[in-house]
Amino acid sequence: MITYTDSVEKITFQMLQGFFEGWKKPCTPEEHLEILRNSNHIVLAIDSDQDKVVGFITALTDRMQSAFIPLLEVLPGYRRRGIGSTLVSRMLEKLKGIPAIDLTCDPVLQRFYSKFGMVPSVGMIIRDY
Ligand SMILES: CC(C)(COP(=O)(O)OP(=O)(O)OC[C@H]1O[C@@H](n2cnc3c(N)ncnc32)[C@H](O)[C@@H]1OP(=O)(O)O)[C@@H](O)C(=O)NCCC(=O)NCCS
């Protein structure tokens, strides 16, 4: 069964295997746990039969004007069954009242995010891994 939590309290790095697929320099599970601890908001999808995290989303915010969603990922074996959509919906619920919510994504994912009322934008970034 897939359950959702917004708490990192009971999460160990052993539960965080297989993420950052395709990254040039993937975060280790220990670094991943630190990212979850340091984020303002998180939502995790957990396979409670396997006791492992199978999806996660993070947000950073000033709690007034702006929020940024840096990371969203669902493990390959768990995709296309609504987990990613649930993570985004739950995060947007947490960020309700904040007028500017940004994320960057590849063009193929614009249709996915548009389901949540998001619109395309142009941005500038640094990626210095
Ligand atoms: C994007 C992601 C989180 C979606 O998770 P998910 O649990 O599969 O999401 P859902 O089941 O709720 O929705 C799946 C939808 O995602 C979209 N999608 C996912 N990957 C896609 C891709 N490569 N190309 C086009 N659409 C894609 C489709 O619209 C799909 O809907 P469909 O199954 O009706 O075609 C997941 O594919 C993932 O982790 N990808 C790798 C990391 C990533 O790209 N994260 C986003 C960073 S901006």
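## Around the ligand

In this predicted model, 16 residues surround the ligand, and the closest are Leu72, Arg80, Gly82, Gly84 and Ser85. Three of these make polar contacts worth a look on screen. Leu72 uses its backbone: an N or O atom there lies 2.8 Å from a nitrogen atom of the ligand. Gly84 also brings in a backbone N or O atom, which sits 2.8 Å from an oxygen atom of the ligand. With Ser85 it is the side chain that takes part, with an N or O atom 2.5 Å from a ligand oxygen.

How much of the ligand does the protein bury? Taken alone, the ligand exposes 910 Å², and the protein buries 68% of that.

## A closer look at Ser85

Ser85 belongs to helix 2, which runs over residues 83-94. Is Ser85 buried or exposed? Its relative accessibility is 17%, so it counts as buried, the cut-off being under 20%.

Besides the ligand contact, Ser85 has protein partners from further along the chain. Leaving out residues up to four places away in sequence, it touches Phe112, Lys115 and Phe116.

## The buried side of helix 1

Now to helix 1, residues 29-38, where Pro29, His32, Leu33 and Leu36 are buried. These four cover an arc of only 100° around the axis, so they end up on the same side of the helix. What do the buried residues of helix 1 pack against? Their partners are strand 2 (41-47) and strand 3 (52-61).

## The nonpolar core

Nonpolar side chains tend to be buried together in soluble globular proteins. Here, the largest nonpolar core has 33 residues, and Ile11, Leu44 and Val53 touch the most other members. Helix 1, strand 2, strand 3 and helix 2 are the elements that give two or more residues to this core.

Val53 is a handy place to start exploring. Not counting neighbours within four places in sequence, Val53 is in contact with Ile11, Met15, Leu16, Phe19, Leu44, Ala45, Ile46 and Leu75. That list includes Ile11 and Leu44, the two residues named alongside Val53 for touching the most other core members.

## Two loop residues with positive phi

Phe20 is not a glycine, yet it has a positive phi of about 65°. You'll find Phe20 in the loop between strand 1 (2-5) and helix 1. At 3% relative accessibility, Phe20 counts as buried.

Asp51 is another non-glycine residue with a positive phi, this one about 55°. Its place is the loop between strand 2 and strand 3.

How values were computed:
Residues numbered from 1 in each chain as written. Predicted model: local features only at pLDDT ≥ 70, side-chain atom pairs only at ≥ 80, totals over all residues. Heavy atoms only, no water. Buried < 20%, exposed > 50% of the residue type's maximum accessible area, 1.4 Å probe, protein only. Arc of directions from axis to C-beta. Contact = heavy atoms within 4.5 Å. Core = buried A, V, L, I, M, F, W, Y, C linked by side-chain atoms within 4.5 Å. Near = heavy atom within 4 Å. Polar contact = N/O pair within 3.5 Å; in protein donor to acceptor, adjacent residues only side chain to side chain. Areas by Shrake-Rupley, 256 points an atom, 1.4 Å probe, with all protein chains shown as cover.
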